[in-house]
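Me: Could you take a close look at a single helix and at what lies around it? I am in my first year, so please explain the terms as you go.

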Amino acid sequence: MSYVDNNKQHYALATWLAATDWAVFGTLMFTDGHSISEHKAEAIVRKFFNGLDRAYLGRNLVDAGHRIERVVFKQLGSSGSNVHYHFVAQPGVNAEQFCDVAKRSWDEASSFTMGYELTDIKPARNSAACSNYGLHEFWKLGADTLCLRATHLSQHPKTKPIQKLRRLLKIQANNECITENALMREALAKRRKKIAEQTATH
């Protein structure tokens, strides 16, 4: 594909993505993006989103083909070998709460995923900027930067409030344990750093 064709395709994708008022922007990193295979990484990302779909929509709607609306971007970083993902989403619920749940879910998705405390998923401030950032490796990867198997563009239907409440309460019941583990890891990392610094001075 020529530069002109690439430029046209990039412009069309960026314009199309910016037209949606995305509520969430996230970065999904692995503990070692250089050693994990792209196949394994994508499988973990798909599992992560499937879990969020079931948590927020319920099994019946997911089995019927409904998903949280999102676009997922694969990226390889400046080295060309550090696999990670970005995504924009419109979950149809409180964005701040969704971000917190999503960070916990990524923590739990696999032993290869970054922990809660190191995962960056937050409310989107500017839909166009988020979309452009997701596409910033388009010039290297072309259309392959779109992870189509994890992307879903049909807006999910409204669910009954009581059904959503039950699911959110169940999520909340698991949240405290994940947060506590993340805080313990963070405290342990700080302690190890302090010990290393003290040892180095002696």
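Reply: What follows is a close look at helix 4 and the sheet beside it. This is a predicted model, in which local features need pLDDT (the predictor's confidence in each residue, from 0 to 100) of at least 70, side-chain atom pairs count only at pLDDT 80 or more, and totals for chains, interfaces and linings use all residues. Residues are numbered from 1 along each chain as its sequence is written, and side-chain values use heavy atoms, with hydrogens and water left out. The mean pLDDT of the chain is 84.

Helices (H or I, at least four residues) and strands (E, at least two) are DSSP runs, numbered from the N terminus. Helix 4 covers residues 95-109, and its 15 residues reach 20 Å from the first C-alpha to the last, close to the 21 Å expected, where the expected span is 1.5 Å times one less than the number of residues. At its start, a side-chain oxygen of N94 comes to within 3.1 Å of the backbone nitrogen of E96.

Among the buried residues of helix 4 (buried means under 20% relative accessible area, with a 1.4 Å probe and protein chains only) are F98, V101, A102 and W106, and also the charged-letter residues K103, R104 and D107. Helix 4 lies across strand 1 and strand 4, running at about 170° to strand 4, an angle taken between N-to-C directions, from 0 to 180 degrees, of lines fitted to C-alpha atoms, for helices over the stretch in contact (heavy atoms within 4.5 Å). These strands belong to an open sheet of 4 strands in the order 2-3-1-4, with antiparallel pairing, where two strands pair if DSSP finds at least two bridges between them. Strand 4 (120-123) stands at an edge with a single partner strand, so one of its sides is left without a neighbour in the sheet.

Methods. Buried means under 20% relative accessible area, exposed over 50%, partly exposed in between (1.4 Å probe, protein chains only). A polar contact is a pair of N or O atoms within 3.5 Å; within protein, one must be able to donate a hydrogen and the other to accept it, and residues adjacent in sequence count only if both atoms are side-chain atoms.
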